[in-house]
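Biologist: I should like to learn how pockets and strand pairing are read from a model. Could we begin with the strands and then turn to the empty space?

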Amino acid sequence: MLKLDIQLGVASAATQIEGGNVAHTWSDWAQKGHIKDGASPARADDHWKRFREDIDLMAELGIRVYRLSVEWARLEPLQGNYDETAAARYRELLIYMRSKGIAPLLTIHHFTNPLWFEALGGFAEPANIPVFLTFVEFAVKRFGDLVSEYITINEPNVFAVSGYMDGSFPPGEHAIPRALRVMSVMAACHIKAYALIHKLRREAGFDGTKVGFAHHGRVFAPKSPKNLWHRLYTPLVARMFQGAVARAFLLGKFGFPLRRYGGTKPGEYADFLGLNYYARSAVSGFGDGVFDNAPKNDLGWEIYPAGIAQCAKELYALLPRPIYITENGTCDNEDSFRCRYIYEHLKALAESGLPVARYCHWCFTDNFEWCEGESARFGIVRVDYETQRRTVKRSGEFYAAMIAHQGVTDGMFAEYVAPQEYHR
């Protein structure tokens with residue numbers, strides 16, 4: 001029996017599920033042919049029209065917290081020109097969620113820029129910090145009566161590295177200094193947004209405000225412990241990818257390789273620790289490696305459950321706050337090992353002794369998985385993209401049972417977990 005004192009929820013991102021021809025960077029990226037299977041976020045899960053169906057299904061599974069995001073380009077299609085019809089639609093979604101007993105955790109920026117913001121230089125330009133804050137203010141004023149918990153920015157390190165270093169995300173650049181500047185500017189945006197959200201909700205008479213960011217954490221280990229260079233590269237890569245980012249966002253402390261923008265000051269800038277965790281990296285230089293013979297998912301990422309607790313512990317050492325696992329999941333196209341994956345990661349958290357308050361599984365439904373398109377399935381609910389039919393997977397049944405039993409019984413383990421094995 002595994003007892004869980006963790007609230008189990010699910011997560012998604014607007015670009016990946018909503019559908020529609022929206023003028024943002026990922027629509028443009030797809031039109032330029034950068035998606036592996038040729039898919040486009042214009043189809044996705046058609047959630048913009050089918051959100052009641054999805055929320056009803058969440059409620060049926062017993063889910064009580066949903067991490068979602070708003071689409072900046074949908075709400076502000078041109079700079080300073082806000083679409084109040086779209087804002088009303090999001091309000092309708094939030095009200096419907098709450099009527100079903102599902103609490104929202106709202107992400108303001110999740111990987112996608114409006115094309116007009118990208119044309120201004122996006123987060124690579126410190127002058128655009130006030131532009132982002134203007135949107136934050138709009139979002140909080142429109143949704144602040146319905147949402148008390150916010151994530152300012154999702155995975156700034158992944159956004160910067162993928163878009164400005166390895167070029168796999170828009171805008172497809174290969175410039176380390178630009179990537180580091182994006183991380184630095186995003187940190188300033190978060191720090192200022194943290195203060196702004198608290199100010200706006202306080203002035204409106206709302207309490208219970210909680211603000212954080214979603215940090216992508218990995219475990220980095222030398223591919224060959226006997227290799228001196230592997231051992232030397234490991235802490236350097238970890239610092240450049242995540243360590244310096246965590247200190248900047250959580251504490252306003254900017255050390256190598258980041259720099260301070262926007263007149264921010266050291267302080268404490270999170271009410272909870274948001275952690276996205278997926279894998280361990282084998283370090284042999286600057287790059288992302290995988291250990292030989294390690295269990296892997298369908299994208300070749302190593303499955304390393306102990307790492308989720310290790311990354312949470314590292315964040316907690318920086319700033320002791322309640323821990324929200326804002327994303328954790330795996331690409332398992334046949335749903336053949338996801339139950340084991342979920343169980344082993346939750347077990348690692350439950351046994352860690354850390355104050356883990358929430359776990360949001362990534363993701364609820366299969367969706368448009370960025371550069372992988374529709375080919376990589378992470379959901380506990382299967383989506384037939386041609387018909388948009390939703391079908392609860394076996395992992396979804398297991399997740400619902402965990403919620404109902406507040407843990408995993410011996411019978412549940414025998415039925416859902418024990419028969420499953422990872423790929424190697």
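**Strands and pockets in a predicted model**

Modeller: In β8, Tyr-324 is the bridge partner of Gly-274. Please bear in mind that this model is predicted.

Biologist: In which sense do β7 and strand β8 pair, parallel or antiparallel?

Modeller: β7 and β8 (residues 323–328) pair in the parallel sense, over four bridges. β6 and β7 also pair in the parallel sense, over eight bridges. There, Pro-222 has Val-283 in β7 as its bridge partner.

Biologist: How many residues of β7 are buried?

Modeller: A residue counts as buried when its relative accessible area is under 20%. In β7, eleven of the eleven residues are buried.

Biologist: How is empty space found, and what is the volume of the largest pocket?

Modeller: Rolling a probe the size of a water molecule over the atoms shows where empty space is left. Here the largest pocket has a volume of about 1,100 Å³. It is lined by 42 residues, and those closest to its centre are Val-158, Ser-162, Asp-166, Arg-218 and Asp-288. β7 gives the most to this lining, with four residues. By class, the lining has 22 nonpolar, ten polar and ten charged residues.

Biologist: What lines the second largest pocket?

Modeller: The second largest pocket holds about 240 Å³ of space. Of its 16 lining residues, Arg-218, Ala-238, Gln-242, Gly-243 and Glu-314 lie nearest its centre. The elements that give two or more residues to this lining are β6, α10 and α11 (306–318). Its lining residues divide into eight nonpolar, five polar and three charged.

Terms used. Residues are numbered from 1 along each chain as its sequence is written. This is a predicted model: local features need pLDDT of at least 70, side-chain atom pairs count only at pLDDT 80 or more; totals for chains, interfaces and linings use all residues. Side-chain values use heavy atoms; hydrogens and water are left out. On a 1 Å grid over the protein atoms alone, a cavity is a set of points where a 1.4 Å probe fits but cannot get out, and a pocket is an open set with protein on both sides within 12 Å along at least five of seven lines; lining residues have an atom within 4 Å of a point. Grid points are joined across faces, edges and corners, and a volume is the space filled by probe spheres set on the points. Ala, Val, Leu, Ile, Met, Phe, Trp, Tyr, Cys and Pro count as nonpolar, Asp, Glu, Lys and Arg as charged, and the others, Gly among them, as polar. Buried means under 20% relative accessible area, exposed over 50%, partly exposed in between (1.4 Å probe, protein chains only). Two strands pair if DSSP finds at least two bridges between them.
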